[in-house]
Each structure stands twice: as structure tokens, then as C-alpha cells.
Amino acid sequence: MRTNTAATLYSRSVVSGSEVWARSVIPAVFWEQRKAANVIKSGLLEADKAAVYIPDISIAIKIGDMLVKGTADKVISPSYTTSNLRADYEVIQVRSVDTMDYGSSHMQHIQVGGS
């Protein structure tokens, strides 16, 4: 699989009623920007802003996590929020995760959609 950037994964969890974000760097992903929108009865609904293909199927990623294009060194905390992260970096919130674990190891990947 061809890759074009690194990505930083911020995994969200709740510990003792508090939101905690764990940061990890994924060294190689294929990040594809999208410009699309879905129209529904009530108006305009934004579609995925990006599709990210991760060539390592062992990475634990779930809906609600955040992905940053490139390497980010910021730590999400009460003083540095996800809004700050979005202002400083190109960020998507994970909306879909599909594990493509068929074929050879060179074809296997995780496909992430987000906005």
C-alpha cells in the first residue's frame, strides 16, 4: 500500500467520569481529502471530510477517536481542548472504521472515514 503521510491518533476513553485522550503516532497512512456532501430531507449534511487508509490492521481505532494528519505533539487536557487541536492541525473525528483483513498482508488495511 502506498502511503503519503503519518497520522496521530487520539483515542478517547472515560476514566473515573473524566475524559482521557491517549496519543499515538501511526508512521504511515494514506490520507485522502474529500469534498462531498449528502443532502437529506431536512437540509445539507456534511459527508466524510477524509478517508484514511492504515496499512496496519492491529491498530485499535474506534468511532469518536480523533485523527490528525501528520505528527502532532499536543496533549489534550482541560487547558488544550479538541477545539484547540482542530484549530492547530488538520483533524477528523472518526465516523466509520472498516477492517479489510482479506488477501495478502500487503492488501490488508483499516479504512477510516471522518469529518
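Where does Ser-16 lie? I looked there first and found Ser-16 in the loop between β1 and β2. The model is predicted, and I kept that in mind throughout. Phi of Ser-16 is near 50°. That is a positive value in a residue other than glycine. I then checked the surface and got 77% relative accessibility for Ser-16. The residue counts as exposed because the cut-off is over 50%.

**Overall make-up**

Next I went through the secondary structure. I count 1 helix and 8 strands in the chain. Reading from the N terminus, the order is β-β-β-β-β-β-α-β-β. The chain has 115 residues, and 35% of them are buried. I also took the accessible surface, which comes to about 6900 Å². Carbon and sulfur atoms hold 51% of that surface. For contacts with a separation of 6 or more, I find that 55% join residues 24 or more positions apart.

**The barrel**

In what order do the strands close into a barrel? I traced 6 strands, in the order β1-β2-β5-β8-β7-β6. The pairing is antiparallel. Neighbouring strands of this sheet are turned by 45° against each other on average, direction ignored.

I then went through some of the pairs:

- β5 and β8 run antiparallel and are joined by 5 bridges. Here Tyr-53 has Gln-111 in β8 as its bridge partner.
- β7 and β8 pair in the antiparallel sense over 6 bridges. I noted Val-94 with Gly-114 in β8 as its bridge partner.
- β6 (residues 66-69) is joined to β7 by 3 bridges, again antiparallel. Met-66 stands opposite Gln-93 in β7.

**The cores**

Which residues touch the most other members of the largest nonpolar core? I list Ile-26, Trp-31, Val-52, Ile-54, Ile-61, Leu-67 and Val-112, out of 15 residues in that core. The elements that give two or more residues to this core are β1 (5-15), β2 (18-33), β5 (50-54), β7 (91-100) and β8 (109-114).

I picked Ile-54 for a closer look. Leaving out residues up to four places away in sequence, Ile-54 touches Met-1, Ile-26, Val-29, Ile-59, Ile-61, His-109, Ile-110 and Val-112. Apart from this core lies another, of 9 residues. Among them are Met-66, Val-68, Ala-72 and Val-91. Met-66 is thus on my list twice, as a member of that core and as the residue opposite Gln-93.

**Salt bridges**

How many salt bridges does a search of the whole structure find? I got 2. Side chains of opposite charge can pair when their charged atoms come close.

One joins the side chains of Arg-12 and Glu-19, at 2.6 Å from N to O. I checked the exposure of both partners. Arg-12 is partly exposed, with a relative accessible area of 35%. Glu-19 is partly exposed as well, at 47%.

Lys-62 and Asp-65 form a salt bridge too, with their closest N and O atoms 3.0 Å apart. Is Asp-65 buried or exposed? I find Asp-65 buried, with a relative accessible area of 0%. Lys-62 is partly exposed, at 39%. So this salt bridge links a buried acid to a partly exposed lysine.

Notes
Residues are numbered from 1 along each chain as its sequence is written. This is a predicted model: local features need pLDDT of at least 70, side-chain atom pairs count only at pLDDT 80 or more; totals for chains, interfaces and linings use all residues. Side-chain values use heavy atoms; hydrogens and water are left out. A nonpolar core is a set of buried Ala, Val, Leu, Ile, Met, Phe, Trp, Tyr and Cys residues joined through side-chain atoms within 4.5 Å. Buried means under 20% relative accessible area, exposed over 50%, partly exposed in between (1.4 Å probe, protein chains only). Helices (H or I, at least four residues) and strands (E, at least two) are DSSP runs, numbered from the N terminus. Contact means heavy atoms within 4.5 Å. Two strands pair if DSSP finds at least two bridges between them. Axes are lines fitted to C-alpha atoms, for helices over the stretch in contact, and angles run from 0 to 180 degrees between N-to-C directions. Accessible areas come from the Shrake-Rupley method with a 1.4 Å probe; for residues, only the protein chains shown count as cover. A salt bridge is a side-chain nitrogen of Lys or Arg within 4 Å of a carboxyl oxygen of Asp or Glu.
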